[in-house]
Every structure is written in structure tokens, then in C-alpha cells.
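Subject: Structure for your review

Dear colleague,

Please find below the structure that I am handing over to you, followed by an account of what was found in it. I would be grateful if you read the notes with the structure open.

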Amino acid sequence: MPTFYTKDEVAAHNVKENGWLIINNSVYDVSKFYDDHPGGRDPLLAHIGTDATEAFEAVNHSRSAKYKLEELKVGELSENERRHYISIEQVAAKKSANGAWFVINNKVYDVTKFLDLHPGGRDILLCNAGGDATQAFTDNGHSPAAYKMMSTYAIGDLEPSERKVFVTQKATGERSGATTAKVGVKSGNESLLIQIQQQLKLLIIVALFIIAGVFFLT
């Protein structure tokens, strides 16, 4: 049976020699992992004593990294403080003519009561309901006030196994030269494909140099 800890108990382990953190409702002791962490010790030290779920999910960790994480596990977060996880199937089931749930940056929102209050009208919300609306939301360049309002309608987090890793890219908006953030999804397969393409380009360049050398020598 797992040992349960409160957030206050985890927060008490916030020193270098005794550093704990929370990821997806589980509690980990990373005190002896600082020097072995591929990303360096600073990212770990910056989050000890806190819930580091968002920081962990923001990095496309490998399967082996997740296995290693399990070796550092010391317990679970107490039942009354655990994050509420919702599947994409549950989100899709809430789509109707008068109801709307959707996902933005791996968080689930119920905007049913906001449909008639939305400045852009209810149709755009209903159009994106039932799925991941991250791209649509970021493409529309919402104001800081809109981002702040989102917390009012947050009802949980997307299931960890169904989450996406978002890579923020800067793009210049057309209105008043404002800078907005565009969010794209980067999968492990896409990263591998990019690496292969780069290696092929390098091989082609090397081959061209060899051919040119042979041509001049003959």
C-alpha cells in the first residue's frame, strides 16, 4: 500500500539535501539524482518542494526517463489534494448544442456557462468543443485577461497518457505589430525525422565534395 503525503509535507522537503517534488499526483525524492539528471541539477532544484507536473510535461522525456522516475518514487499525494484527470473521450462526450468542454495546453475546461458571454460568440466555442482547442485558442491572440479568466472554467487535467508536448514559437501579429505565441505539437517521431533529414543533408554535402575532388583530380 502506498504512503500518502500532503502538499505541505512535500513542501517541507525543499532543501538540496532533502528535495522532494510532485509529478502527476506521485511524490518523488530527487535528492540523489541531481548529478545524474541529463538536464542538470538546476531544473530539479528549482522545483523541489512543489508540484512540478507542468515543468516535467513541458519536456519530451523519453520512456527510459519515465522508468527512472519511478525508481525515485516515495509515495502518492493525499486523496483530497490530487489532480483530477479527465480523458479525451470524456471531453468529447460533453459536446452538445448547449454544452462545451475542451482541452487547452493539456488542461480541461467546461465553458458551458461562458457560451453566451464569449466576445467572439458561442459558435466558435462549440466548433472547437469536444477536443483539443490549443491551436485555435493561441491562433486567436487572446489577451492576458482572457488567459486569467480561463482558470475560472478549469475542471481538471487531461490524462497523462493522452497529453501532448507543446513547443512555443514566436510569431509577429498583424495588428499593431504585436507579438503572439503560436503553439505547435512536436512528437518524438517528428524529432527523429528532423534528425534523419539533417543527417541526409550532411551526407549529400560530403558526397558532393568527394565528387568535386575526383573531378578536379582527373
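In what order do the strands of the open sheet of 4 strands lie, and with what pairing? The order is β6-β9-β8-β7, and the pairing is mixed. The edges are formed by β6 (85–86) and β7 (101–104), each of which pairs on one side only. At the β6 edge, the partner is strand β9 (residues 154–158), joined in the parallel sense over 2 bridges. Within that pair, Y85 stands opposite D157 in β9.

Please bear in mind that this is a predicted model.

Overall composition

The chain has 218 residues, of which 32% are buried. Its secondary structure comes to 9 helices and 11 strands. Of the contacts with a separation of 6 or more, 63% are accounted for by residues 24 or more positions apart. The area exposed by the chain is about 14300 Å², and carbon and sulfur atoms supply 57% of it.

The strands from β1 to β5

Strand β3 (residues 18–23) runs antiparallel to β4, and 4 bridges join them. I23 has S26 as its bridge partner in β4. The two strands form a hairpin with 2 residues between them, and N24 in the turn has a positive phi of about 50°. β4 is also joined to strand β5 (residues 73–77), by 3 bridges and again in the antiparallel sense. β5 in turn is joined to strand β1 (residues 4–5) by 2 bridges, and here the strands run parallel. In this pair, the bridge partner of Y5 is L77 in β5. As a general point, strands of a sheet pair through backbone hydrogen bonds, either parallel or antiparallel.

Y28 in strand β4

Y28 belongs to strand β4 (residues 26–29) and stands opposite K73 in β5. Is Y28 buried or exposed? Y28 counts as buried, because its relative accessibility of 3% lies under the 20% cut-off. Beyond residues up to four places away in sequence, Y28 touches G19, W20, L21, I23, L69, E70, L72, K73 and V74. With E70 there is also a polar contact of 3.2 Å between the side chains. L69 is 41 residues from Y28 in sequence, yet the two C-alpha atoms are 7.6 Å apart in space.

H13 in the loop before β2

H13 is located in the loop between α1 (7–11) and β2 (14–15). With a relative accessible area of 18%, H13 is buried; the value falls under the 20% limit for that class. Which side chain makes a polar contact with the side chain of H13? The partner is the side chain of N18, at 2.9 Å. N18 also appears among the residues in contact with H13 once neighbours within four places in sequence are left aside; the others are G19, W20, I48 and G49. Two of these names, G19 and W20, recur in the list for Y28.

A100 in the loop before β7

A100 lies in the loop between α5 (88–93) and β7. A100 is buried, with a relative accessible area of 0%. Which residues are in contact with A100, leaving aside its neighbours within four places in sequence? They are K94, Y109, D110, V111, T112, L115, L126 and A129. A100 and G130 are 30 residues apart along the chain, while their C-alpha atoms are separated by 6.8 Å.

A nonpolar patch on the surface

I204, L208 and I211 make a nonpolar surface patch of about 320 Å². I204 is placed in helix α9 (residues 188–217). I204 is classed as exposed because its relative accessible area is 52%, and the class begins over 50%.

For discussion, I would suggest starting with the open sheet and its order β6-β9-β8-β7, followed by the surroundings of Y28, including its side-chain contact with E70.

With kind regards

Notes
Residues numbered from 1 in each chain as written. Predicted model: local features only at pLDDT ≥ 70, side-chain atom pairs only at ≥ 80, totals over all residues. Heavy atoms only, no water. Buried < 20%, exposed > 50% of the residue type's maximum accessible area, 1.4 Å probe, protein only. Polar contact = N/O pair within 3.5 Å; in protein donor to acceptor, adjacent residues only side chain to side chain. Contact = heavy atoms within 4.5 Å. Pairing = 2+ DSSP bridges. Patch = residues over 30% accessible without salt bridge, like charges linked within 9 Å, V, L, I, M, F, W, Y side chains within 5 Å. Areas by Shrake-Rupley, 256 points an atom, 1.4 Å probe, with all protein chains shown as cover. Salt bridge = Lys/Arg side-chain N within 4 Å of Asp/Glu carboxyl O.
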